[in-house]
Amino acid sequence: MTANTAAPSSLQPDAMLPRPFRVASTAADTVDTVTLILEPEDGEGFHFAPGQFTMLYVFGVGEVPISVSGDPGTAETLVHTVRAVGAVTEAICRLTAGDRVGIRGPYGTGWPIREAEGKDVVVAAGGIGLAPVRPMLLTLLAGRHRFGAVSLVYGSRTPGDLLYVDELHSWRSRFDVEIEVTVDRAGSDWLGDVGVVTSLLPRIPFRPENTIAVVCGPEIMMRVTADEMILRGVSAASIYLSMERNMKCAVGFCGHCQFGPEFICRDGPVFAYERIRGRMRVPSL
Amino acid sequence: MSSKVLDRSDIGALFDALAGEGYRILGPTVRDNAIVYDRIDGEEDLPVGWTDIQDGGSYRLQRRDDNALFGYAVGQHSWKEMLFPPRTELFRVERSNATLRFVPTAVPEVRYAFIGVRACELAAIAIQDRVFLGSGAVDRTYQTARHEVFMVGVNCMVAGGTCFCVSMGTGPRCSDGYDLVLTEVIADHRHEFVLESGSDKGEDLLARMPGRPAGPDDHDQVDRTVARTASQMGRWMGNEGIKELLYDNLQHPRWEEVAKRCLACTNCTLVCPTCFCSTTEDSVSLDSAVATRSRRWDSCFTLDFSAVHGVPVRSTTKDRYRQWMTHKLASWYDQFGSSGCVGCGRCITWCPVGIDITEEVAAIRATQGVMA
C-alpha cells in the first residue's frame, strides 16, 4: 500500500503534543464568556488564518477545540473567547493571568478571504459565533479597500450576552461598514432590535450575485440564514458556514467530528454551504 | 519471490528463525474457549486441532478430526490491538512554579512477528495504514509498532459461518502486505505447509527454512484450498453501488427497525479490525504535580461520542447505528478510498443479538427509496 510504513522519523512532530502557552490576561465578556490573551512560551509565535481553531488543553482537565478570535496580523499572541459550557471550558474561564495551558494547532480551513476580494461581504453571527468571525472582520476592516460593501448582522439571546460591545460601538462609528445587532429578548432599557438575525438582512447593502456570506452560530441559525441568503439571490457556493462537532484529536484520528464523509477538523470547520447543504437537512447525522 | 514446502514436523523452524531475529511472536492461541491473539512461543501454542463454529451472536470452539494448526476463521481479537492498542499514554505534563512541561510518552519499540494473519486482516491493516499513516498526520504509536512487523499470512483453509471476504474482494487468498504466506495442506497422509515469500525479508527467511522447493502440484493444492474456502462463505455482502445506496437512504425506515434490536453495546466497533475511533482521558497525580493524557478506543455507539456542549448530536440508537454502518460502508470510500469493511464477519458473530450487517444492507437495498 502507499501509506508510509517506513521507520518513524525523528523530525515527525507528535501530532498530539501541545505547546506551552502562558495566560497574559483575561477579561470577562459576559456572565459566562471570557476572552483570554495567550503567549507562546517557546518564542515561536502563533500564525493562523481567520476561521481556524486550536485545541486548548487545561492541566489535568482536558482539551477542547476553540476558534481563534484574535487579529491574524498579530503573531505574538493568541486570543480565544470561550463560553463556559462544560468541564473544560469552565476550567478555561477560571484561568487567570500567569496560568499555563497547552495549545495544538491551528487546525482546519479558514474563511474565504481571497474569494471575498472585490465582493460585498455579509458576516452573520449568532451568540458565541461572533468569536470565530472576529478575525475575518478584522481582516476585512484592515484591508477595507479590497472589498465591496461590508456588513455584520449579529444576534444574541439578550443585550447582556453581546460580545465585544466596545468594539461593536467603534465599528458602528465607521462609515465604511454596516453593523446591525438584534437580541432574542430584552428589557425595556433596550432600544435596539428584538428578533432573529435574518430579520436584519433586508437592511444591509449587498449585491446578491456578487456577495460572499460568512455565517457562524448555532446550526439552526446558520441554516436559516444561509437559506434566507439564497432566497435573496446569493448562491450556495458563496455562503460559508463554520461547523461544530465533538472533537478529540483535530488531526483525523479520533473519528468524533465526522459529518457524513467530512472530518470537521481537517475538511472544515469552514465549509461552503453548497457542499454540506443536503446533509444539514438530515436530522442527527 | 520463491516458495517452499515444509513438512508439519519442520514448522518449528519458522518460530526459531523469527525468535532468532529478535521478533516478539504473536499468533492465535486458545484461551477461555476462544481463539485469541497473544504471545506464542512455538507451534504447540497454536490452536492445534481446533476449529470454530460461528453464526450471528454465536461462537463455539469444536475439535477437528485432524491436527490442523490453522483450521479456523478469525476470533474476537484482531491485530488492531497490537498496532493501535486499546489504551495508550500520549504524554505527561509536569507542573512546577505554574509552568507546564509536556513530555511525550516513549513508545515501546517492539519488533512484532504476526503469525497467521488472514487475507481479510491484511486488508484491514492496509486500511488502518491509510488512516494513521497515509492521510495527513502520522500517528506516532501506530507507526512505531507497525514499521517493523514481520507478517506471516495464512491462506484460509476453512471459512467461518459469518465470513464474507469474497464479496468484499479481500480474500480468502492473501494477495498483498505479507512477508511470508503459508497454506496448510492436509491430504493423502501428508501434513505440509506451502510457504511463499512476499517481500525481501520474507525471501531471506524462507531461504533459511528447511523443506523442498514447491512444484506445480503444490501450487495447485494452494489454489484448490483457496477455491474451496471461497465456496464456503457463510455470508455475502451486496456491495455494488453501496455508497450511493446508503447516502440515498439516510432516512430509510430500516434504521428504526434495526435500532429496536441494537443494544448500542459497542461490541461491533471493538471487534472490527478497521474501526479506529478513540477518545482521550486525563488523570492527575494526588499532589497535582503530574497530569497524564491517554487515548483509548471509543465507539460511535456511545451517547457522549457526539456530544457538543453536553448535548449528543446522535441521541438515538437509530442515529448511531446509521452513523456506524454508513461510515463503514459508504463515507469510508470518500475518506480513505476504499470500503471500511473487509468481510471478516466479526461484527456479526460478536453482536450479542446477532445483527448482520449484510442482512441490513440487503433489507435497505430491497426497499430503497422508502422514506421514514
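**Exercise 1. Work out how well covered strand β14(B) is, and place Arg293(B) in it.**

Let's start with the strand as a whole: of the 8 residues in β14(B), 6 are buried, so the strand counts as mostly covered. Keep in mind that you're looking at a predicted model.

Step 1. Find the residue. Arg293(B) sits in strand β14 of chain B, which covers residues 290-297.

Step 2. Buried or exposed? The cut-off for buried is under 20% relative accessible area. Arg293(B) has 2%, so it is buried.

Step 3. List what it touches. Leaving out residues up to four places away in sequence, Arg293(B) has contacts in chain B that include Thr88(B), Glu89(B), Leu90(B) and Phe91(B). From chain A, it touches Tyr57(A), Gly62(A) and Glu63(A).

Step 4. Look at the side chain's polar partners. Its side chain makes a polar contact of 2.8 Å with the side chain of Asp282(B). It also meets the side chain of Glu63(A) in a salt bridge, with 3.1 Å from N to O.

**Exercise 2. Build the sheet around β14(B), strand by strand.**

Step 1. Get the order. Four strands of chain B make an open sheet, β7-β6-β14-β13, with antiparallel pairing.

Step 2. Which strands stand at the edges? They are β7 (99-104) and β13 (278-284) of chain B, and each pairs on one side only.

Step 3. Add the twist. From one strand to the next, it averages 20°.

Step 4. Go through the pairs. What holds paired strands together? In general, strands of a sheet pair through backbone hydrogen bonds. Here's how the pairs look in this sheet:

- β6 (residues 87-96) of chain B and β7(B) are joined by 6 bridges and run antiparallel. Val93(B) is found opposite Phe102(B) of β7(B).
- β6(B) and β14(B) share 7 bridges, again antiparallel. Here Arg87(B) faces Arg296(B) of β14(B).
- β13(B) and β14(B) are also antiparallel, with 7 bridges. Val284(B) is opposite Ala291(B) of β14(B).

Step 5. Check the turn. β13(B) and β14(B) form a hairpin with 5 residues between the strands, and Ser288(B) in that hairpin has a positive phi near 60°.

**Exercise 3. Describe the 7-strand sheet of chain A and the helices that go with it.**

Step 1. Write down the order. This open sheet runs β10-β9-β8-β7-β11-β12-β15 in chain A, and its pairing is mixed.

Step 2. Why is one side of β10 (193-194) and of β15 (270-272) in chain A left without a neighbour in the sheet? Each of these edge strands has a single partner, so its other side stays unpaired.

Step 3. Zoom in on one pair. Strand β7 (residues 120-126) and strand β8 (residues 150-156) of chain A run parallel and are joined by 6 bridges. Within that pair, Val123(A) is opposite Leu152(A) of β8(A).

Step 4. Put the helices on. Helix α4 (residues 165-172) of chain A lies across β8 and β9 (178-183) of chain A, at about 140° to β9(A). Helix α5 (residues 219-231) of chain A packs on the sheet too, touching β7, β11 (211-216) and β12 (239-242) of chain A. The direction of α5 makes about 165° with that of β11(A).

**Exercise 4. Sum up the contact between the two chains.**

Step 1. Count the residues. Chain A brings 47 and chain B brings 59.

Step 2. Add the area. About 4,500 Å² is buried between chain A and chain B, and carbon and sulfur atoms give 60% of it.

Step 3. Count the polar links. There are 2 salt bridges between the chains, one of them being the Arg293(B) and Glu63(A) pair. There are also 19 residue pairs in polar contact, both at pLDDT 80 or more.

Step 4. Which elements of chain A give two or more residues to the side that touches chain B? They are β1 (19-28), β4 (62-67) and β6 (100-107) of chain A. The largest share, 3 residues, comes from β6(A).

**Exercise 5. Describe the surroundings of His77(B).**

Step 1. Locate it. His77(B) is in the loop between β5 (58-63) and α2 (80-83) of chain B.

Step 2. Buried or exposed? His77(B) has 15% relative accessibility, so it counts as buried.

Step 3. Find its partners. Not counting residues up to four places away in sequence, His77(B) touches Arg31(B), Val36(B), Tyr37(B), Glu121(B) and Arg346(B). A polar atom of the His77(B) side chain lies 3.1 Å from the backbone nitrogen of Tyr37(B).

Notes. Residues are numbered from 1 along each chain as its sequence is written. Chains are lettered from A and ligands numbered from 1 in the order in which they are written. This is a predicted model: local features need pLDDT of at least 70, side-chain atom pairs count only at pLDDT 80 or more; totals for chains, interfaces and linings use all residues. Side-chain values use heavy atoms; hydrogens and water are left out. Buried means under 20% relative accessible area, exposed over 50%, partly exposed in between (1.4 Å probe, protein chains only). Contact means heavy atoms within 4.5 Å. A polar contact is a pair of N or O atoms within 3.5 Å; within protein, one must be able to donate a hydrogen and the other to accept it, and residues adjacent in sequence count only if both atoms are side-chain atoms. Two strands pair if DSSP finds at least two bridges between them. Axes are lines fitted to C-alpha atoms, for helices over the stretch in contact, and angles run from 0 to 180 degrees between N-to-C directions. Buried area is the accessible area (1.4 Å probe) that two parts lose on being put together, summed over both. A salt bridge is a side-chain nitrogen of Lys or Arg within 4 Å of a carboxyl oxygen of Asp or Glu.
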